[in-house]
Every structure is written in C-alpha cells, then in structure tokens.
Amino acid sequence: MNSGVSVSAAVDELALGETFTFDELVAAVQRRRQRRLRIVELTDLSDHNGLCAVLLTTDAEDLIVHARSDSVLHRQQFVLHELAHMILGHEIDDDSDGPDFLLPDIPAETRRRLLRRQNLDTGEEVLAEIIADNLAAAIRGSAKQSSRYLEIFG
C-alpha cells in the first residue's frame, strides 16, 4: 500500500466497523498479514530515549516492542503507530545489506527502519500517526469493555 491510499480506506480494509476493541484490531492485523503478532513492553526503553516503539519481524512472527511510559495514552499511541505502519504496508525500500560495524547484532532491515523513523516529518510517519489517531478514536468508541487492551495499557 502506498501513501496515496486514504486513511479511511486502509482501516476499512480490516473490516472492523466504526468501533472495535484493541483485541479485534490485533486479530484483524494478524489475519491480514497471516502472521502472529506479539506486543511487548521493554521496561529498559523509555520514551525519553527517543525511541518509543519498533516493529520487528522474524520468520515466525511480528513483534512490536514499546517503551514504558507512565501515560496509558502514550503507550497506546506507540503501539497504534506501529500497527498503522503494518496496516499501510510500509516496507523498507533500501536494499543495502552491507555490514554494520557499530550495530552488528541488529538485522540490517531493522537498522534501516529505526533510522528512517527518526525523521518524523516523512509522509509515511505522518500518515501512520493519522491512522494511529483514528484507531485510538475507534477503540475509545467501542462499547465492549473486556479486552486485552486494559491488560496491555493499564
């Protein structure tokens, strides 16, 4: 999916309706990607470090690792932003796989994604944030109260 796709069309493709729970959103993303998705808080990572969340992919699953924050809304936004990138199908477009002598244990694709996401003014980052905001509004609008959302975001 490219940045020309409208925000509403990207979310509509998940077939979730006007409101949905966090669990329903995660399940829809997993179905669409046909992969397991785990969401993990990394207590050693802080939003003060400048890195709030990152999507990591392995052969077996997708993993969103997010920073600890005292604000439930911040933690929610960290994860929803990464889910938005997944929904939009934002892929790495740099195919340079050369060795990195400073960060040799981090896969090249992850390094590129982290470095690219430090520039928050790109079209992909702005669009992901818009979708994250829309997802948050739909989750808040959901009438369902029982959800892993509370377990994850407090």
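Colleague: In what order do the elements of the protein run from the N terminus on, and what makes a stretch a helix or a strand?

Modeller: The order is α-α-β-β-β-α-α-α-α, with six helices and three strands in the protein. Helices are DSSP runs of H or I with at least four residues, strands are runs of E with at least two, and numbering starts at the N terminus. This is a predicted model, where local features need pLDDT of at least 70 and side-chain atom pairs count only at pLDDT 80 or more, while totals for chains, interfaces and linings use all residues. Residues are numbered from 1 along each chain as its sequence is written, and side-chain values use heavy atoms, leaving out hydrogens and water.

Colleague: Good to know! What makes the span of α3 agree with expectation?

Modeller: The expected span is 1.5 Å times one less than the number of residues. For the 17 residues of α3 that gives 24 Å, and the end C-alpha atoms are 24 Å apart, so the two agree.

Colleague: And why is α3 called largely enclosed?

Modeller: Buried means under 20% relative accessible area, exposed over 50%, and partly exposed in between, with a 1.4 Å probe and protein chains only. In α3, 14 of the 17 residues are buried, so the rest of the structure largely encloses this helix.

Colleague: Which residues of α5 make the contact with α3, and how do the two helices pack?

Modeller: Helix α3 (residues 72–88) and helix α5 (residues 123–141) pack at about 115°, with axes 8 Å apart. Axes are lines fitted to C-alpha atoms over the stretch in contact, and angles run from 0 to 180 degrees between N-to-C directions. On the α5 side, the contact includes Leu127, Ala128, Ile131, Ala132 and Leu135; contact means heavy atoms within 4.5 Å.

Colleague: What does Leu80 of α3 touch?

Modeller: Leaving aside residues up to four places away in sequence, Leu80 touches Phe22, Leu25, Ala132, Leu135, Ala136 and Ile139. Leu80 is also among the residues with the most contacts inside the largest nonpolar core, which has 29 residues. Such a core is a set of buried Ala, Val, Leu, Ile, Met, Phe, Trp, Tyr and Cys residues joined through side-chain atoms within 4.5 Å. Its largest share, eight residues, comes from α5.

Colleague: Finally, how do you know that Ala15 and Gln34 are exposed?

Modeller: Ala15, in the loop between α1 and α2, has 66% relative accessibility and therefore counts as exposed. Gln34, in the loop between α2 and β1, has 72% and is exposed too. Both have a positive phi, near 55° for Ala15 and about 55° for Gln34.
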